[in-house]
Amino acid sequence: MSKNAREKQKQMAAKAAASYIRDKMTLGIGTGSTVYYLIKEIGALGTAGINVRAVVTSESSRELAISCGIPVCLPEEVDHIDLAIDGVDEIDSSFYAVKGGGGALLREKIVAYKADDVIWIMDESKLVERLGRFPLPAEVLPFAYTWAAERIEELGGKARLRERNGKIYGTDNGNYILDVTFSPGITYHMAADKIRQIPEVLETGYFNPVCSRIIVGTEWGAKEIVNQRQSRKRPETEADGTDDVEV
Ligand code: 5RP
């Protein structure tokens with residue numbers, strides 16, 4: 001898929017997700033290049049008189065949200081989140097997902113678990129039969145991170161410290177990321193639980209099916225796939241002009 005086609009798909013998914021936003025909602029806003037389009041859409045909703053406030057999952061999303069005129073709140077300033085919308089790095093047909101490519105996995109998980117409803121948005125390349133193409137990110141304390149990496153290796157994984165521009169990548173929480181790959185036969189489901197038990201590990205990017213639906217941008221438009229097992233509070237009206245597939 002060309003870069004242009006992929007960007008168009010992200011944009012379509014973000015636009016369709018924005019149609020679930022209602023006036024006065026408290027939103028959870030994720031992180032990443034798909035969420036970039038979502039934030040632009042939310043900014044446009046504000047101009048059209050639909051006013052929301054948001055808890056954001058990263059400093060980059062905060063900056064963009066503020067520049068689009070979206071009021072940003074701290075978690076301690078809100079008692080609930082109506083709807084969280086975020087991207088994914090890969091997702092299987094049972095809605096298990098890997099996130100954290102943008103390094104915001106810990107705040108993303110906190111916000112997703114707080115929200116009444118979660119929608120994940122993506123381009124088609126994110127749909128996989130089996131998780132494992134994208135390394136599993138784990139946010140770790142800088143203190144003794146090498147010990148965490150050793151422990152992960154004992155569990156059959158290979159941990160690579162994330163770097164950016166030749167320097168150790170630091171999360172917005174001041175931690176490091178280990179990107180973990182596994183030998184064939186070890187599933188993320190099995191591994192994530194064990195990795196989380198390592199004391200230096202704060203969280204992994206393995207997400208349970210917390211979303212009520214996913215919205216996938218395709219060549220033809222936005223396709224919605226409903227997660228029947230996640231009965232969250234649903235908005236009164238469905239998004240217009242999208243296919244709704246129930247699984
Ligand atoms: C950030 C994330 C992102 O949601 C994920 O990496 C997807 O990003 P993009 O929309 O740029 O592909 O988990 O931590």
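## Tour of the ligand site and the chain

Start by selecting α2 (33-47), β4 (81-87) and α4 (105-114): each supplies at least two residues of the shell around the ligand. Helices (H or I, at least four residues) and strands (E, at least two) are DSSP runs, numbered from the N terminus. This is a predicted model, in which local features need pLDDT of at least 70 and side-chain atom pairs count only at pLDDT 80 or more, while totals for chains, interfaces and linings use all residues. Residues are numbered from 1 along each chain as its sequence is written, and side-chain values use heavy atoms, with hydrogens and water left out.

Next, select the residues with a heavy atom within 4 Å of the ligand. Of these 17 residues, Ser-33, Thr-34, Asp-89, Gly-100 and Lys-126 come nearest.

Now turn to the polar contacts (pairs of N or O atoms within 3.5 Å). Show Ser-33: a polar atom of its side chain is 2.4 Å from a ligand oxygen atom. At Gly-100, a polar backbone atom lies 2.7 Å from an oxygen atom of the ligand. At Ala-104, a backbone N or O atom is 3.0 Å from a ligand oxygen atom. The protein covers 91% of the 380 Å² of accessible area (Shrake-Rupley, 1.4 Å probe) that the ligand has on its own.

Finally, select the whole chain, which has six helices and 17 strands. Its C-alpha atoms fill a box of roughly 55 × 35 × 35 Å along the principal axes. Colour by burial: 52% of the 247 residues are buried, meaning under 20% relative accessible area with a 1.4 Å probe, protein chains only.

Note on methods: A polar contact is a pair of N or O atoms within 3.5 Å; within protein, one must be able to donate a hydrogen and the other to accept it, and residues adjacent in sequence count only if both atoms are side-chain atoms. Buried means under 20% relative accessible area, exposed over 50%, partly exposed in between (1.4 Å probe, protein chains only).
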